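This report describes a protein chain in terms of its strands, helices and aromatic rings. Please read it beside the sequence and the model shown below.

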Amino acid sequence: MTSSSLAQDVYAAIQNVVGSGHLSDADEVRREFSEDLMGFEGAIRVAMVARPATSLEVSDVLKIAAAHGYAVTSRGAGLSYTKGYTPQSDRTIALDLTRMNRVVECNADDMYLTCEAGATWQAALDAAYRVDMRPVLIGPISGSASTLGGAASQNVLGAMHGMIGLEVVLADGSIVRTGSGGVVRHRSNFYRTVGPDVTGLFLGDTGSYAIKTQVTLQLEPRPAGCALASFSFARLDELAAAMSRIARQGLARRLIGMDPIKTRTASKVGLDEAGRVLTDVVQKSRSLRKGLSEAWSLVRSGRSSLDDADWALHVFVDGFDQDVADRKLAVIRKLCERDSVEIDANVAIALNAGPYSVRGFLGLQGERWLPIHGIFPLSRAVEVSKAVHAFLAEREAVMAEHGISHCCCVFSEGPVFCIEPMFYWRDELGPLHARYLDPSKYERFRHHQADPETRAIVHELRDAVKTLFLEAGALHGQIGKYYDFSDMVDPGLMALLTKIKSAVDPDGLLNPGNFGWNVDRNCA
């Protein structure tokens, strides 16, 4: 059988499963599902893109792929930047899981929420809010588009124990439910560990062990108290030190630090978006009075109130009641007062009301965006911050010569410190920008010309940061094919993970190349 006739047979078989309107081999569709935000030239294209609607359809597609020797990649929103779903062979079927976006069960009594893997974080948050709950896990900032299944595969900062159950499909089409959802009698998704923590096995696997089809999140009551504040620091290392002090005492649910450029641009939104932010602030507040007060604070301080801010730390504090939240914030003010001044909490108010957005994945003038991150213990926060600052300062002239700008954000959710430098440069936009940008904004910038020379320099800078992070002992989310995972972990651990891969995907068909596993025989 020729490769062309084989492809036709596979296409016809999958079409019978998902329906003719949910399978495509159009060039523009294949391109989109073969690139992530890195946007690299000469990328191998997938053979076709299937959009299953159920777990059974995913299972049937995997069985067809296995029978014909096709690899399978899986994607939710696609807003990653480590080649986690990019193909290594043109004999690859891409799964677009965004049709699988239903809220399956929201159980306030037993405090869990089960959604299909293609549901967005925003949809999950909205479902929980309707019963006056919220997910324990906050999710990524891009959660207006990013999916639960994507986060389960890639990892996100924070308490991954907040994911307490999964439904996954193995390479041979077997459907497996983890946690208490996998018991026989009185099935319920309320508890994560039933014997070994099989849920944890599939988290952070970048889709290499199985395809996620459902995700169960732990819920918690929405707190009655909420206090927000922002502080300006002269230097990143001073901010990092204060962030570590706050995190060690467990005073804040979330801490976000932004450099001067990111701080100032975060509040520069158009009138339409400003209106949506004010609406969110009022509607999402626990009380109308507090919501109106916070909205008035945004209006009163104005768009330029942060123009003189330096490194800004935005603090999000919860409490059993408002008095508890306010008392926590009073302690935080004491921890910050040595090196900072308090500034208007515009960004904190807006992010608290609407935590999810994809606005930041393009610069204000349409520049391409490419980040890199490292996760460290709190004790390394100051040291790593100084190293990143020095790295960027040493390369300032090179970046200026080529029109490359940079920003940096830091995060803490729990006792960890995450730092994320990001680079911006003028270049052509890709398929993901067309999908997610506001149409008027995309139209404004879509004529940008390709600049492969500058793009290559950006990739070199990013690779140099990757090496810096590797030497500093960084951990990473969304490993994909970019981070040198085998150099990060103990050989014994790598050997164990490889044995598991051999057991659940012996032919190496699921997302081949991730974690460095070989495309031909990914466990070789």
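How many residues of strand β6 (residues 112-116) are buried? Strand β6 is mostly covered, with 5 of its 5 residues buried; buried stands for under 20% relative accessible area, exposed for over 50% and partly exposed for values in between, with a 1.4 Å probe and protein chains only. The model is predicted, so local features need pLDDT of at least 70 and side-chain atom pairs count only at pLDDT 80 or more, while totals for chains, interfaces and linings use all residues. Residues are numbered from 1 along each chain as its sequence is written, and side-chain values use heavy atoms, with hydrogens and water left out.

**Overall composition**

The protein chain contains 19 helices and 18 strands. These elements are DSSP runs numbered from the N terminus, helices being H or I of at least four residues and strands E of at least two. Of its 524 residues, 54% count as buried. Among contacts (heavy atoms within 4.5 Å) between residues at least 6 apart in sequence, 75% join residues at least 24 apart. Such a pairing of distant positions can be followed at Met258, in strand β12 (residues 254-258): its C-alpha atom is separated by 6.6 Å from that of Leu313, 55 residues apart along the chain. Met258 is buried, with a relative accessible area of 9%.

**Strand β6 and its partners**

Both faces of β6 are covered: Tyr112, Thr114 and Glu116 are buried on one side, and Leu113 and Cys115 on the other. The hairpin of β5 and β6 has 4 residues between the strands, and Met111 in the turn has a positive phi of about 65°. The table lists three strand pairs; two strands pair if DSSP finds at least two bridges between them.

| Strand pair | Bridges | Sense | One bridge partnership |
|---|---|---|---|
| β5 (residues 103-107) and β6 | 4 bridges | antiparallel | Cys106 and Leu113 |
| β6 and β10 (residues 211-221) | 5 bridges | antiparallel | Thr114 and Thr216 |
| β3 and β4 (residues 92-96) | 5 bridges | parallel | Val72 and Ile93 |

**The open sheet**

Strands β3 and β4 belong to an open sheet of 4 strands, with the order β1-β2-β4-β3 and mixed pairing. At the edges stand β1 (23-24) and β3 (71-75), each with a single partner strand, so one side of each has no neighbour in the sheet. Helix α3 (residues 55-68) lies across β3 and β4 and runs at about 175° to β4; axes are lines fitted to C-alpha atoms, for helices over the stretch in contact, and angles run from 0 to 180 degrees between N-to-C directions.

**Aromatic rings**

The structure holds 8 aromatic pairs. Rings of Phe, Tyr and Trp (its six-membered ring) pair if their centres lie within 6.5 Å, and planes under 30 degrees apart count as stacked, over 60 as edge-to-face and the rest as tilted. The Phe376 and Phe469 rings have centres 5.7 Å apart and planes at 70°, so this pair is edge-to-face. Phe376 lies in strand β16 (residues 374-377) and Phe469 in helix α17 (residues 452-471), so the pair ties together parts that are 93 residues apart in sequence. Both Phe376 and Phe469 are buried. Elsewhere, ring pairs link Phe202, Tyr209, Phe485, Phe515 and Trp517 into a cluster.

Arginine side chains also sit over rings. Arg75 lies over the face of Phe33, at 3.8 Å from the ring centre, and Arg462 over the face of Tyr482, at 4.2 Å. The criterion is NZ of Lys or CZ of Arg within 6 Å of the ring centre and within 35 degrees of the ring normal.
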